[in-house]
Amino acid sequence: MKTPQIPFDGPYSESQRAWLSGFFAGMHTHMIQSAGAAQQTASRVINILYGSQTGTAESVANDAAGIAKAHGLKPVVKGMDEIEADALAGMEYLLVITSTYGEGEMPDNAQMLWDAVKSDAMPRLETLQYSVLALGDTSYDLFCKAGKDWDERLAALGAQRIYDRTDCDVDFEEPAEAWIKAVIPFMSGGSTTATVVEAEAPAEKSQYNRKNPFPAKMQVNRWVTAPSSSKETRHYEISIAGSGMTYEAGDALCVVPTNCPELVKDIVDAIGCNGDENEFVHGDLMPFAEALRTQFEIKTPSKELIEEIASRSGNKELNALLESGDKDKLADYLWGRDTLDLLRQNPGCEFSAAEFIELLKPLQHRAYSISSSGKKYPDSVHLTVASVRYDGFDRQHKGVCSTFLADLVDDTTEVRCFFTPNKVFRVPDDNSLPMIMVGPGTGLAPFRAFLQEREYRKASGKNWLFFGDRNAATDFMYRDEIEAMQASGLLTRLDLAFSRDQAEKIYVQDKMRENGAELFAWLEQGGYFFVCGDAYRMAKDVDKALHDVIAEHGKFSEQQAIDYVNQLKKDKRYVRDVY
């Protein structure tokens, strides 16, 4: 950089020229120093690791990378399954963004890295500076546990917490954005006035999201289980024509429901209100009953509401359970009970409308695996949803969103919705590779979409479906479609497990073991293994069966089978969409 020349032919006195010379020389030095500082910042790499089950943490990680680039940093974004634990020792700056899955568990893509990081063999990380963003849901006892575990373990390994962890509830956008905007300046040298460079144009996003759902219309609502079935499962087709929204097989549709008007009325009566009270909700006055119908979670009681009911009622059993801290016993007590049950079982617990609202959580969307291919059906999205209905405590209970779709949506009703992408749970890019799909019950939904996608692509790869439910005669959903796919050759293999059609119950994991030799052969051919459905029993049983099949037919030790499965996960060839 050349020193700027001063135009001495101007109308300056000798003293003015001397002052200007000093000024420009100082400015020149400052410009050199600023350029050096900017260059140093621009060369600073920050690693952003995400643990994500459904894609939310990944999306936030990419948002953080965009802000980092705008501050002249070089962000490196990776899923936790894309690095080895030893790589952490070579990092200087790290942002960890993770959700919590199930009952305080790590997301699938984080588990292997976490196992290595928490082991005694993990090296010290005293040169690492980090911060953690935890995504969670306060309705779960182990709120944000995965993020808390990462924060505590990194600190225990000697890493320096450069900015305090932020724990986000389901309304995560604002606190996540605040964390990003606060932590990035620390990563760029601790100054909020770090050199800002022009950021790359962000990827185009749909105008429709959780804060602004698309007002869709229902086109089809029909049963896919027989009327005599013990389950009520329905097929929905929802129009997204004109929205500009697109989706891929494997994504989820998030539906924003409203609460059952009968439940609203019963709760209003139970707390001694009339429903006409005007209350401020998000800054707007709204009738109390309408607020309960459209704005708040009124079926599942919040912890704060449970505690207040216990306190006001003096219910000895409930108070003793709360005081004991025994979460399992409290969960057993609450099993099957909803807000109305607690209010009716504890008469005299009256609340003003304002008091009651303060104890409620916001009404949240429900995410459903999409059962159609966006390429085959660009103007509509299909869902396969089991309606939740059960009797208990002298009344019928209904699922919030499943019965909203089944009972409350008509030609005049908007189905407010938006998409959540799942970039991992996808049909293989290589159309020649085999797919193995395990989806009992409504876990079949995304695999209907996968098969439609393979058909649309004219993919040559083999397709194998494991499906099951209670009874073939009443619960074989999409039977005509599946049998037609089998007849056409699109569905190479179909193994069915209807648990109650014989004396001894048979499940999909039993069919996996029964056909273990061929299953292992498909994996050896580069096959992908997908699972969708119940996380707590089915997915664990299927995982155990997969390890057993690999150990037996690969002639592996237990540890070798674990390593084989872990490699499938790293290669994103073993992917789960479980709930």
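This is a short tour of two sheets, a hairpin and several helix contacts, with residues to select at each stop. Keep in mind that you are looking at a predicted model.

**Stop 1: the six-stranded sheet**

Start with the open sheet whose six strands come in the order E14-E9-E18-E7-E8-E15, with antiparallel pairing. Which strands stand at its edges? Select 366-369 for E14 and 380-386 for E15: each has a single partner strand, so one side of each is left without a neighbour in the sheet. Now turn the view and follow the twist, which averages 40 degrees from one strand to the next.

Next, zoom in on E9 (residues 252-256) and E18 (residues 415-420). These two run antiparallel and are joined by five bridges. To see one of the pairs, pick valine 256 and look across to its bridge partner in E18, arginine 416.

Then add residues 400-408, which is helix H13. This helix packs on the sheet and touches E7 (214-223), E8 (233-239), E9, E14, E15 and E18. Compare its direction with that of E14, and you'll find about 70 degrees between them.

**Stop 2: a hairpin**

Select residues 389-392 and 395-398. You now have strands E16 and E17, paired in the antiparallel sense over four bridges. Click on tyrosine 390, and opposite it in E17 you'll meet histidine 397. What sits between the strands of this hairpin? There are two residues there, and phenylalanine 393 takes a positive phi near 55 degrees.

**Stop 3: H8, H9 and H10**

Two packed helices are described by the angle between their axes and the distance between the axes. With that in mind, move back along the chain and show residues 303-313, helix H8, together with residues 316-324, helix H9. Their axes are 8 Å apart and the helices pack at an angle of about 130 degrees. H8 and H9 are therefore oblique to each other, and their crossing is left-handed.

Turn on the side chains where they meet: Ile306, Glu307, Ala310 and Ser311 come from H8, while Leu318, Asn319 and Leu322 come from H9. Sorted by class, that contact has four nonpolar, two polar and one charged residues.

While you're here, look at both ends of H9. At its start, a side-chain oxygen of asparagine 315 reaches to within 3.1 Å of the backbone nitrogen of glutamate 317. At the other end, H9 is followed by glycine 325, which has a positive phi near 75 degrees.

Now add residues 327-334 for helix H10. The axes of H9 and H10 come within 8 Å and cross at roughly 145 degrees, and this crossing is left-handed too. On the H9 side, the contact is made by Glu317, Leu318, Leu321 and Leu322; on the H10 side, by Lys329, Leu330 and Tyr333. How many of these residues are charged? Two are, alongside five nonpolar and no polar ones.

**Stop 4: the five-stranded sheet**

Jump ahead to the other open sheet. Its five strands follow the order E21-E20-E19-E22-E23, and the pairing is parallel. At the edges you'll find E21 (493-498) and E23 (574-578), each pairing on one side only. Neighbouring strands here are turned by 10 degrees against each other on average, direction ignored.

Pick out E20 (residues 463-469) beside E21: the two run parallel, with six bridges joining them. One pair to click on is tryptophan 464 and its bridge partner in E21, arginine 493.

Two helices are worth adding now. Residues 445-457 give you H14, which lies across E19 (435-438), E20 and E22 (528-533) and runs at about 155 degrees to E19. H18 lies across E19, E20, E21 and E22, running at about 135 degrees to E20.

**Stop 5: H18 meets H19**

Keep H18 (residues 516-524) in view and add H19 (residues 538-553). How do the two axes cross? They come within 9 Å of each other and cross at roughly 90 degrees, so H18 and H19 are roughly perpendicular.

Finish by showing the side chains at this contact. H18 brings Gly516, Ala517, Leu519, Phe520 and Leu523, and H19 brings Leu546, Val549, Ile550 and His553. Coloured by class, this contact would show seven nonpolar residues, two polar and no charged ones.

Conventions: Residues numbered from 1 in each chain as written. Predicted model: local features only at pLDDT ≥ 70, side-chain atom pairs only at ≥ 80, totals over all residues. Heavy atoms only, no water. Axes fitted to C-alpha atoms, helices over the stretch in contact; angles between N-to-C directions. Parallel < 35°, antiparallel > 145°, perpendicular 65-115°, else oblique. Contact = heavy atoms within 4.5 Å. Nonpolar A, V, L, I, M, F, W, Y, C, P; charged D, E, K, R; others polar. Polar contact = N/O pair within 3.5 Å; in protein donor to acceptor, adjacent residues only side chain to side chain. Left-handed = near helix turned anticlockwise from the far one by under 90°. Pairing = 2+ DSSP bridges.
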